[in-house]
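Please open the structure in your viewer and switch to a cartoon view. We will go from the whole chain to a few selections, one stop at a time.

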Amino acid sequence: MTSRIGDLVVKAQDPYRLSRFWCEALGYEISAKDETGVAISGASNAPTILFDRSDDTPVNGTLHLDLCPTDRSQADELERLLSLGAKRTDVAPSGSWHVLADPEGNRFCLMDKRIPKEPEDFHD
């Protein structure tokens, strides 16, 4: 047997704001929230992302994700993410990826590679 990632944990100064950004970016939904943070979930076979409240978030963030478009070009997805509040960073794009930052400065890459959408069993 092997292990799979069940949850990804991200320290956040404003878990609610960050969770809303990532819900829109990934097509996830808020699945739980309390005074300590927010959990968002996608398909039952995708990891849950937990945004835990923390005042000591490092300058370059606490987690790096690589995003791959599922139903549009990299350029179209870049525009969508920027409209949601992502920011360009000072890292020059390579042609196959763009380095962006979420609203709290956590860096992530938008890859040129397209992957299939998650299965339809979204939120079992």
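Start with the cartoon of the whole chain, which has 2 helices and 8 strands. Helices here are DSSP runs of H or I with at least four residues, strands are runs of E with at least two, and both are numbered from the N terminus. Following the sequence, you meet them in the pattern β-α-β-β-β-β-α-β-β-β.

A word on what you are looking at: this is a predicted model, in which local features need pLDDT of at least 70 and side-chain atom pairs count only at pLDDT 80 or more, while totals for chains, interfaces and linings use all residues. Residues are numbered from 1 along each chain as its sequence is written, and side-chain values use heavy atoms, with hydrogens and water left out.

**Stop 1: the sheet**

Now colour strands E5, E8, E7 and E6, which form an open sheet of 4 strands in that order, with mixed pairing. Two strands count as paired if DSSP finds at least two bridges between them. Select E5 (65-67) and E6 (87-88): these are the edge strands, each with a single partner strand, so one side of each has no neighbour in the sheet.

Next, add E8 (residues 107-111), which runs parallel to E5 and is joined to it by 3 bridges. To see one bridge partner pair, pick Leu-67 and Leu-110 in E8.

**Stop 2: the aromatic rings**

Which rings link into a cluster? Show the side chains of Phe-21, Trp-22 and Phe-108, which ring pairs join together. Rings of Phe, Tyr and Trp (its six-membered ring) pair if their centres lie within 6.5 Å; planes under 30 degrees apart are stacked, over 60 edge-to-face, and the rest tilted.

The whole structure holds 3 aromatic pairs. In one of them, Phe-21 and Phe-108 have ring centres 6.2 Å apart and planes at 55°, so this pair is tilted. Phe-21 sits in helix H1 (residues 15-26) and Phe-108 in strand E8, so the pair ties together parts 87 residues apart in sequence.

Turn to Trp-22 and Phe-108: their ring centres are 4.9 Å apart and their planes at 70°, so this pair is edge-to-face. Here, too, helix H1 meets strand E8, with the two residues 86 positions apart.

**Stop 3: buried or exposed?**

Keep these rings selected and add a surface. Buried means under 20% relative accessible area, exposed over 50%, and partly exposed in between (1.4 Å probe, protein chains only). Phe-21 counts as buried at 3% relative accessibility, and Phe-108 at 0%. Trp-22 is buried as well. Zooming out, buried residues make up 37% of the 124 residues in the chain.
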